[in-house]
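Colleague: I am new to this model and would like a close look at one kind of residue, the cysteines. Could you start there and then walk me outward to the surroundings?

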Amino acid sequence: MPEQLEPVLAEVRTLLLDPTLLRAVAAGRRKGQRPAVVRAELRPVALKGGPRLQIVTSDGARPHTRNATPGPEAEEAVDGLLAEPFGNWHVETATATVQVRVTKSGEAQVHRAAADRPAAEPAEHDRAKNYLIDPGDEIFSVVGGSAAKRRQVDAFLRALAATLPDELPDRLRVVDLGCGNAYLSFAAYRYLRGRGIDVELVGVDVRADQRRRNTELAQRLGYADRVSFVAGTILDAEVDPAPDLVLALHACDTATDEALARAVRWGARWVLAAPCCHHDLAVQLRSGAAPQPYELLTRQGILRERFADVLTDALRAALLRLHGYRVEVVEFVDSQHTPRNLLLRARRTGAEPTGRQRAEYQELTAAWQVRPRLAELLGDAQQAPAG
């Protein structure tokens with residue numbers, strides 16, 4: 001049954017200022033009216049200066065983030081948003097969810113529901129269980145939200161958070177090479193935007209149908225002004241200007257090498273790559289003799305494949321170090337969820353390689369008589385002996 005709009009908005013105001021607020025979204029417009037922004041999202045955040053109410057608004061061209069101090073500043077900001085003629089409000093607190101739709105006649109259709117989580121659960125325990133993107137976030141309703149996918153998204157975002165510096169940049173240009181269905185691309189954008197960063201993200205995939213699909217999803221999520229997709233190969237797709245952050249998640253075999261090579265050429269500040277399907281060096285190992293006394297590592301096919309995985313990623317990490325990156329190889333997501341669970345996490349330092357680093361790389365490739373695809377893509381300069 002429709003309700004009078006004014007008291008419903010007063011109820012929404014109370015929830016927005018409630019300490020148990022989790023998130024709120026305002027979007028759409030009322031009949032014959034247009035709000036000053038096309039979308040507003042609110043959530044509490046913990047900053048160095050203390051708790052804030054973060055408000056991210058978009059005018060259709062770019063997002064704007066404001067972190068309001070609890071009290072009069074937050075109240076003024078909330079009142080300003082409630083005065084806008086939004087057509088829909090969605091508000092979640094620790095105890096309730098309220099959805100409001102303004103009808104053509106100016107009344108409110110309201111749906112109220114109790115929260116899934118128990119109200120008496122301690123806040124500290126609740127926060128410890130939270131994902132970096134709430135499992136109930138609208139992004140999962142668009143890109144899919146199985147439990148396994150949510151775990152993978154959260155593991156990826158935690159790796160991303162650990163890669164970026166504590167003092168986050170105001171703007172960040174991100175390119176996802178070999179983005180596929182792009183659910184991690186969307187998750188990265190959603191998370192970074194929630195941290196108050198002005199993000200521009202480009203997804204690259206060779207398939208034109210993926211580009212069309214992902215573009216439609218970006219439009220459904222309201223991200224189309226800052227998230228775009230291009231069809232092309234990792235090496236040749238037109239991307240300009242160069243990105244700050246490069247993602248290459250589960251790019252198959254030497255596609256990972258192509259993504260890493262392009263990131264190095266761009267001089268990307270940060271790189272996150274989750275390799276997949278290491279065939280190239282496995283073939284080289286099969287056609288050559290193993291150095292003594294390591295024949296047992298490659299005699300059995302399954303052991304050779306697994307050793308090739310380790311050797312491939314070790315050499316990728318070594319080559320990135322030779323090109324001025326600090327590299328960590330970490331577990332992406334628990335192996336019970338996926339066997340392809342390694343992540344190369346690199347930060348550009350610009351440091352010149354040491355003679356020891358050059359020698360280690362040269363000795364390892366010479367001993368196993370292999371030539372990584374990444375080395376070919378980057379040229380031979382880093383393979384030459386020091387001096």
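Is Cys-179 buried or exposed, and what is its relative accessible area?

Modeller: Happy to, and please keep in mind throughout that this is a predicted model. Cys-179 is buried, because its relative accessible area is 9%, and the limit for that label is under 20%.

You may next wonder about bonding between cysteines. A search of the whole structure turns up 0 disulfides. Cys-179 is therefore not part of one, and its nearest cysteine sulfur, on Cys-276, lies 15 Å away. Cys-252 is in no disulfide either, although the sulfur of Cys-277 is 3.5 Å away and is the nearest cysteine sulfur to it. That pair fails because a disulfide needs the sulfur atoms within 2.5 Å. Cys-252 also has another setting: with 42% relative accessibility, it counts as partly exposed.

Let us stay with Cys-277 for a moment. This residue sits in the loop between β12 (270-276) and α9. Its phi is positive, about 55°, even though Cys-277 is not a glycine. His-250 has a positive phi too, of about 65°, and is likewise not a glycine. His-250 belongs to strand β11, and with a relative accessibility of 27% it counts as partly exposed.

The backbone has two more details to show you, both at prolines. One is the peptide bond between Asp-240 and Pro-241, which is cis, with omega at about 0°. Pro-241 is placed in the loop that runs between β10 (227-231) and β11 (245-252). The other is the bond from Gln-292 to Pro-293, again cis and with omega near 0°. Pro-293 is in the loop between α9 (280-287) and α10 (295-299). A further proline to find is Pro-165, in the loop between α5 (147-163) and β8 (171-177). Pro-165 counts as partly exposed, at 31% relative accessibility. Its C-alpha atom is 16 Å from that of Pro-243, a residue 78 places away along the chain.

Now for a charged residue that is covered. Arg-316 is part of helix α11, which takes in residues 301-322. Arg-316 counts as buried because its relative accessibility is 3%. Its side chain has a polar partner: the side chain of Asp-257 makes a polar contact with it at 2.8 Å. Beyond its neighbours within four places in sequence, Arg-316 is in contact with several residues, including Asp-253, Thr-256, Leu-260, Pro-275, His-278, Leu-344 and Leu-374.

For another example, turn to Val-110 in strand β7 (residues 108-114). Setting aside residues up to four places away in sequence, Val-110 touches Glu-3, Val-8, Val-98, Gln-99 and Val-100. Its C-alpha is 18 Å from that of Leu-81, and the two residues are 29 apart in sequence.

Aromatic rings deserve a visit as well. The model has 6 aromatic pairs. In one of them, Phe-86 and Trp-89, the ring centres are 5.9 Å apart and the planes meet at 85°, so the pair is edge-to-face. Phe-86 and Trp-89 are both buried. Elsewhere, one aromatic cluster is formed by Phe-186, Tyr-189, Tyr-223 and Phe-229. A charge also sits over a ring: Lys-149 lies over the face of Tyr-183, 4.4 Å from the ring centre.

Finally, step back to the chain that holds these details. It contains 13 helices and 14 strands. The C-alpha trace spans about 80 × 45 × 40 Å along its principal axes. The chain has 387 residues, and 49% of them count as buried, a group that includes Cys-179. Taking contacts between residues at least 6 apart in sequence, 67% join residues at least 24 apart. The chain exposes about 18,900 Å², with carbon and sulfur atoms supplying 49% of that area.

To return to your starting point, then: Cys-179 is buried, Cys-252 is partly exposed, and the search finds 0 disulfides in the whole structure.

Terms used
Residues are numbered from 1 along each chain as its sequence is written. This is a predicted model: local features need pLDDT of at least 70, side-chain atom pairs count only at pLDDT 80 or more; totals for chains, interfaces and linings use all residues. Side-chain values use heavy atoms; hydrogens and water are left out. Helices (H or I, at least four residues) and strands (E, at least two) are DSSP runs, numbered from the N terminus. Buried means under 20% relative accessible area, exposed over 50%, partly exposed in between (1.4 Å probe, protein chains only). A polar contact is a pair of N or O atoms within 3.5 Å; within protein, one must be able to donate a hydrogen and the other to accept it, and residues adjacent in sequence count only if both atoms are side-chain atoms. Contact means heavy atoms within 4.5 Å. Rings of Phe, Tyr and Trp (its six-membered ring) pair if their centres lie within 6.5 Å; planes under 30 degrees apart count as stacked, over 60 as edge-to-face and the rest as tilted. A charge sits over a ring if NZ of Lys or CZ of Arg is within 6 Å of the ring centre and within 35 degrees of the ring normal. Accessible areas come from the Shrake-Rupley method with a 1.4 Å probe; for residues, only the protein chains shown count as cover.
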